Amino acid sequence: MSVTPHDESFMAAAIRLSRRHLGRTATNPSVGCLIVRDGVVVGQAVTAVGGRPHAEPQALAEAGAAARGATAYVTLEPCSHHGKTPPCAEALIAYGVARVVISVTDPDPRVSGRGIAMLREAGIEVDAGVLEADGRRSLAGYLTRQTKNRPYVTLKLAVSANGMIGREGAGQVAITGPEARAEVQALRAETDAILVGIGTAISDDPLLTVRTPGLEAQSPIRIVLDPSLALPLTSKLVQTARDVPVIVVASEEISPSGSEEGLSPSALGANPQPISPLVGEMSGRTEGGATLPAAAMDLDSRRTALEAAGVEIVYCNPYHPEILLPALATRGISSLLVEGGAKTARLFLEAGLVDRIQLYQAPVVIGEGGIESPLDATDIPPGFAQTGTQMFGEDRLDEYERGL
Ligand SMILES: NC(=O)c1ccc[n+]([C@@H]2O[C@H](COP(=O)([O-])OP(=O)(O)OC[C@H]3O[C@@H](n4cnc5c(N)ncnc54)[C@H](OP(=O)(O)O)[C@@H]3O)[C@@H](O)[C@H]2O)c1
């Protein structure tokens, strides 16, 4: 059977459904599945929070006997291997589905093409590549980690009408309005980790969490590039590190176990848990020590105090994203949001390690002491194509992407 406009609209619905659990399925992709019988949806599901069960068995269970002779729409090729769950291809066969429509073929070598072959061998008709560009976008984190061994990187910048992203010494400057800020909260909620430079962490004292009612539990892991452990103990990031994980990426030169250790990605990946707080005495910290400026304490005391507050310190050259990103992928981070500042944005752009740019342009003008944006709409790097423009109140969001 050839692919029809009906197939495309059911696949579009499956892709929309898959986005619901973005950032919440651990190392598994968030997949959407619809079971359709005689033009009616009889079962639908998205990969469960945590990554299991997969979408297909849940949708099939909902459809029950109605799955026999039905068409299944799946955003990613059904798995064919016995992992922690039985193969989804086997479940589709067992329920008697007549046709399977797939958006994206799985790059995982344990699955690639085999799920499709298994279905065809069982006499099921298979059409793949339906709405593939949209499907790939919805699976960007998973596909990037599988094929490039690093997270999918989104750079978000808010730029004033005169091309500034902040003002020297002014802390957080409101550039965008509430509608744009709400949109950024939604983006954070579907992202595994968020990263800022130490300049931003100190000057803005950001929280970097999701505060949208109902989505608070979806805050990403917070990462600060902080070569010499300058993050203030009184910062909101440190103060909330027990609620939402904070990773400080410090220079391997200050690693307590020597300069060589910590360079390799496995140093970051050794502990797949987001955080492993040090419990115990905070040596070198007097009563009220948390209010001491970090710079006034010696390195070991800062290290101990940060860890005692629940911050995880990893030693991996913070200014080599080509080393840092695979290390983050090793610990299961598939999507990363870089939120600045200027130097950090430039670092990722110059390394060619940005996949998507979200540029908010606001009517606000920042005068004296303005910090120039590393980027504006006129100098988007080659290789990026504009994929959307939207207004949020008075602010305009332009989105640019590179091919996956
Ligand atoms: N509008 C927005 O979207 C947005 C978002 C976030 C932050 N901001 C603003 O950006 C400003 C902070 O920007 P920033 O550029 O100063 O800070 P940053 O990017 O957050 O942090 C940069 C810090 O890292 C150091 N560094 C050294 N080598 C580096 C390298 N190769 N790559 C990157 N960083 C390196 C810098 O040290 P040196 O100074 O010694 O070079 C600097 O202290 C704040 O005013 C904040 O409000 C705006």
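Which residues come nearest of the 23 around the ligand? They are Gly166, Gly197, Gly199, Gly340 and Gly341, where a residue counts as near a molecule if its C-beta atom, placed from the backbone, lies within 6 Å of it. This is a predicted model, in which local features need pLDDT of at least 70, side-chain atom pairs count only at pLDDT 80 or more, and totals for chains, interfaces and linings use all residues. Residues are numbered from 1 along each chain as its sequence is written.

**Around the ligand**
- Strand E6 (152-159), strand E7 (164-167), strand E8 (193-197), helix H8 (198-204) and helix H13 (342-350) each supply at least two residues of the shell; helices (H or I, at least four residues) and strands (E, at least two) are DSSP runs, numbered from the N terminus.
- H8 gives the most, with five residues.
- By class, the shell holds eleven nonpolar, nine polar and three charged residues (Ala, Val, Leu, Ile, Met, Phe, Trp, Tyr, Cys and Pro count as nonpolar, Asp, Glu, Lys and Arg as charged, and the others, Gly among them, as polar).

**Two domains**
- The domain assignment, automatic or from a database, gives domain 1 (5-138) and domain 2 (151-401).
- Five residues from domain 1 and eight residues from domain 2 make the contact (C-beta atoms, placed from the backbone, within 7 Å).
- On the domain 1 side, two nonpolar, two polar and one charged residues touch domain 2.

**Helix H6**
- In H6 (residues 140-148), Ala140, Gly141, Tyr142, Leu143, Thr144 and Arg145 are buried (20 or more other C-beta atoms within 10 Å of a residue's own, all placed from the backbone).
- These buried residues pack against helix H5 (132-138), E6, helix H12 (321-330) and strand E12 (335-338).
- Just after H6, Asn149 takes a positive phi of about 55°.

Conventions
Two residues are in contact if their C-beta atoms, placed from the backbone, lie within 7 Å. A residue is buried if 20 or more other C-beta atoms lie within 10 Å of its own, exposed if 12 or fewer, and partly exposed in between; C-beta atoms are placed from the backbone.
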